[in-house]
Amino acid sequence: MAGKIFQDGSVLNNPVAGLMIGVLVTVLVQSSSTSTSIVVSLVSSSLLTVKAAIPIIMGANIGTSVTNTIVALMQAGDRNEFRRAFAGATVHDFFNWLSVVVLLPVEVITGYLYHLTDPIVKTFNIKSGENAPDLLKVITDPFTKLIIRLDKKVINEIAMGNEAAKNKSLIKTWCKTAKYVALSNVTVPSPENCTSPSFCWTNGNTTWTLMNTTYKQNIAKCKHALVDVGLSDLTIGLILLALSLLVLCTCLILIVKVLNSMLKGQIASVIKKTINTDFPFPFAWLTGYLAILVGAGITFLVQSSSVFTSAITPLVGIGVISLERAYPLTLGSNIGTTTTAILAALASPGSTLADSLQIALCHFFFNLSGLLLWYPVPFMRLPIRLARGLGNITATYRWFAVFYLIICFFLAPVAVLGLSLAGWTVLVGVGAPFLFLLLVILVICVLQALCPQVLPDTLQTWDFLPLWMRSLKPWDGLVSLLTCSCCRCGLTRCCRRSRKCPEVDEDQEKTSKIPLRGQEGHEETAVTMEFQARHPDTGAKLRSLGRMGEPLRYCGSSEVFTFASL
């Protein structure tokens, strides 16, 4: 699928379409290095120019951040952890999207990335060198090769329009092959195409000659588990996807549980102070830049920004790393992954060296430009504020995290790509009013927060709009209705209340309904299940107070709880 998306060269020359293709392909293959290598092959084959490849690289930068956003979903069980984890994961998303929104138009108008990297490649007479050192792969490759081995050249061949490659399998069957050249009879259109008059024969309308032909001989089969299993690529892909997600989720859940058990009390406070404390005055501003260097260094060691950002997401969730410290670490990770790409480009063969190096440098300077735009000035650190706001929303309405993931990394890129395929006229005709409306809403929101008095009375709040247009609460009820069949407290009650049922076990539900006798002799239910679901910590405290003799009353409609006597 990734190879087929890259086939239409005319679409790739549209920068907006190229950007969305970069996002979609990277989300599909879960690797920005794979999508970048396809782009390098297209550029080297003159099917794509370096200028047209730059938006695709920007899209690949966005697509690679989907992994840690998925990882954050594993902490949805605890609202506070989920709030922090999702904010820590999406700060990467917001940085990439904001960088593209600003830098893509600049690149289209000025071509600054192309004009910056072109002299660098031409000035330095760089020759093809050795492969970049494999660090993390030294550990992982022996295990992955026991499960499956892939022939990634098939994707490149499909992208370059090789029809025969469409029928090839991505699963490598023969790991050891040999090529040899031999003279053989080859039919040619006419005697002029013969290699030599002495090696040219004609029989009626058929002409043949002797030519050197390259033959491929299979010597040894691969020894991975999925060789010759007789299943299609799609079936094997689905099996591996399910298996890898299971392993990933299991590891992340165990990491969080182990860290939660280890990082308690004084140990947790010491680690938090060590990681989140700034240097003493007047060098406090250097702390963030040191974090950037640490992020870049660790990413260079593991050779994957997805691995590094996915590893720090659970740490942000349990509160060991603050969002303000995770942000520079993520920016450093973005820089570190481009240095790996540059080393990989330097090991390219001579025919593709210049193109692959220039594309890798474009990727590096794009991330560096984004860092200079969104980090040095504290006021410009918008990704932190946006990610924290989204974290608060998803902690209240956890279904919104899945909605955000689908919209941001699939539906929106597909929709924009479809409009791009229809032509610039359709794209501008639909996109311009939509972007104008978003800009107006953004300006009004800023004015409402900073100086509402300059706005008309109606626009000082969004109360004039219907509730479903200004709040997620009605949508929360709709989602709860759609999912109420999964509620453990009973379909009838759940659908009647139109609210998501609390996730509690049967014993907890029984104890929550124990009536408590107060000092004045009247009985009250301690705390309703609805309150415990929304406020688990407070609910537990109130129940314990109730057991000590304090009668409690919780008003579910107004979400106010009171002590009957104090």
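## Exercises on a predicted model

The structure holds 1 disulfide. Keep in mind that this is a predicted model.

**Exercise 1. Find the two cysteines that form the disulfide and work out its handedness.**

Step 1. Start with the sulfur atoms: those of C194 and C200 sit 2.1 Å apart. The cut-off for a disulfide is 2.5 Å, so this pair makes it.

Step 2. Now turn to the torsion about the S-S bond of C194 and C200, which is about 45 degrees, so the disulfide is right-handed.

**Exercise 2. Sort C194, C200, C362 and C445 into buried or partly exposed.**

Step 1. Get the cut-offs straight: buried means under 20% relative accessible area, and partly exposed runs from there up to 50%.

Step 2. Take the disulfide partners. C194 has a relative accessible area of 13%, so put it down as buried. C200 comes out at 22%, so this one is partly exposed.

Step 3. Do the other two. C362 has just 2% relative accessible area and is therefore buried. C445, at 34% relative accessibility, goes in the partly exposed pile.

**Exercise 3. Work out how β1, β2 and β3 pair, and name a residue pair for each pairing.**

Step 1. Look at β1 (residues 174-188) and β3 (residues 206-221): they pair in the antiparallel sense, with 14 bridges. For a residue pair, pick A178, which stands opposite Q217 in β3.

Step 2. Next comes β2 (residues 200-203), joined to β3 by 4 bridges, and again the strands run antiparallel. Here N203 faces T206 in β3.

Step 3. Check the link between β2 and β3. The two strands form a hairpin with 2 residues between them. In that turn, G204 has a positive phi of about 70 degrees.

**Exercise 4. N14 lies in a loop; decide whether N14 is buried or exposed, and find its contacts beyond the sequence neighbours.**

Step 1. Place the residue: N14 is in the loop between α2 (9-12) and α3 (15-29).

Step 2. Read off its relative accessibility, 8%; N14 therefore counts as buried.

Step 3. Skip the neighbours within four places in sequence, and N14 turns out to be in contact with S420 and W424.

**Exercise 5. Sum up the whole chain: elements, burial, contacts and surface.**

Step 1. Count the elements: 25 helices and 7 strands.

Step 2. For burial, 38% of the 566 residues count as buried.

Step 3. Among contacts between residues at least 6 apart in sequence, 67% join residues at least 24 apart.

Step 4. Finish with the accessible surface, about 31,300 Å², where carbon and sulfur atoms account for 66%.

How values were computed. Residues are numbered from 1 along each chain as its sequence is written. This is a predicted model: local features need pLDDT of at least 70, side-chain atom pairs count only at pLDDT 80 or more; totals for chains, interfaces and linings use all residues. Side-chain values use heavy atoms; hydrogens and water are left out. Buried means under 20% relative accessible area, exposed over 50%, partly exposed in between (1.4 Å probe, protein chains only). Contact means heavy atoms within 4.5 Å. Accessible areas come from the Shrake-Rupley method with a 1.4 Å probe; for residues, only the protein chains shown count as cover. Two strands pair if DSSP finds at least two bridges between them.
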